[in-house]
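Dear colleague,

Please find below the structure that I am handing over to you. The notes that follow it set out what was found, with each term explained where it is used.

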Amino acid sequence: MTSSVPPVRARRRTATLALVLCAGLTAALTACAGEDPDKGTNGIGRLTGPEIEKKARTAADSADAVRLAGTLVSKGGTYKIDMKLKDKGGVGSVTSKNSTFELLRIGDELYLKADAGFWNHDDDKKTGAGQTGEADRTAADKLDDKYVKVPEDDPTYKQLRGFTDKKVLLDGLLTLHGKVGKGDRDKAGGVRTIRILGGAGEGGALDVSLEGTPYPLSFARGGGGGVITLADWGRDFALVAPAEDETVDYGQQLPKSSSSSS
């Protein structure tokens, strides 16, 4: 008759194996629990939310250049931007509704480049002013794919310049509202980050690099105001004025564009 009770030696071997496995698992869990999440980082993960925000702001202000790309949502509409910025100007593109235009600023000189569709609007269909509509289309054709110098007295100059102003954009994008707290660690573009959050989850969220200089790498505006990535910190780029045959000086005020009329 075969006994159902395993030999004593077998029982001891099974118990020993179980103890070894449990000990190994316990050691692994202990190691994970005791591992420093900030090991090999710049150390800002150990700081408070407001302290991290201050470090990120200081790093951003001291950088010579940055690239901003993403979406901004405001009462005036939704804008997709892709801008390279530095203290003396900026270059890039902005998309608003169905219109896309390029901006270039060198010092106080601001240029706008767009196709004829950006400038063309059919006022004659709304007002019956056929001659006015024809004149607008003719003007739009002349401005097609040309750099138009925006007069400083033009009502749109300040608004358009804001898209090329590093300080203006960073002031708006790096501001968290309410009490600032710490969120989770994550990655942005392959770089380890720490997230800081505005009050009640509606004050915005900023992801700050845990590697090297604590630059802001991503910003989600509160209330669904869009998400912007920030990259190429300190990477210089050329600002070159357009050639004379690519430029139109329209005078004291730009013609009304289709985007501004809608």
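**Notes on the structure**

Lys-142 has its place in helix 5 (residues 130–143); here helices (H or I, at least four residues) and strands (E, at least two) are DSSP runs, numbered from the N terminus. Because its relative accessibility is 62%, Lys-142 counts as exposed; exposed means over 50% relative accessible area, buried under 20%, and partly exposed in between (1.4 Å probe, protein chains only). Lys-142 lies 7.9 Å from Ala-116, C-alpha to C-alpha, although 26 residues separate the two in sequence.

Please note that this is a predicted model, in which local features need pLDDT of at least 70 and side-chain atom pairs count only at pLDDT 80 or more, while totals for chains, interfaces and linings use all residues. Residues are numbered from 1 along each chain as its sequence is written, and side-chain values use heavy atoms, with hydrogens and water left out.

The protein as a whole contains eight helices and 12 strands. Of its 262 residues, 37% count as buried. Among contacts (heavy atoms within 4.5 Å) between residues at least 6 apart in sequence, 55% join residues at least 24 apart.

How are the strands ordered in the open sheet? The sheet has 12 strands in the order 7-8-9-10-11-1-2-3-4-5-6-12, with mixed pairing; two strands pair if DSSP finds at least two bridges between them. Strand 7 (181–188) and strand 12 (247–249) are the edge strands, each pairing on one side only. On average, neighbouring strands of this sheet are turned by 20° against each other, direction ignored. For such angles, axes are lines fitted to C-alpha atoms, for helices over the stretch in contact, and angles run from 0 to 180 degrees between N-to-C directions.

Strand 5 (residues 109–114) deserves a closer look. Five of its six residues are buried. With strand 4 (residues 99–106), strand 5 pairs in the antiparallel sense over five bridges, and Glu-102 stands opposite Lys-113 in strand 5. These two strands form a hairpin with two residues between them, and Gly-107 in the turn has a positive phi of about 65°. Strand 5 also pairs with strand 6 (residues 146–149), in the antiparallel sense over four bridges. There, Leu-112 stands opposite Val-148, and Tyr-111 has Lys-149 as its bridge partner.

Two helices may be described next. Helix 2 (residues 49–62) lies across strand 7, strand 8 (191–197), strand 9 (205–209) and strand 10 (216–220), and runs at about 120° to strand 8. Helix 7 (residues 166–173) packs on the sheet, where it touches strand 1 (65–74), strand 2 (77–86), strand 10 and strand 11 (227–231), at about 55° to the direction of strand 1.

Which element gives the largest share of the lining of the second largest pocket? Helix 7 does, with four residues. A pocket is an open set of points on a 1 Å grid over the protein atoms alone where a 1.4 Å probe fits, with protein on both sides within 12 Å along at least five of seven lines; lining residues have an atom within 4 Å of a point. Among the lining residues are Leu-72, Tyr-79, Phe-163 and Arg-221.

Yours sincerely
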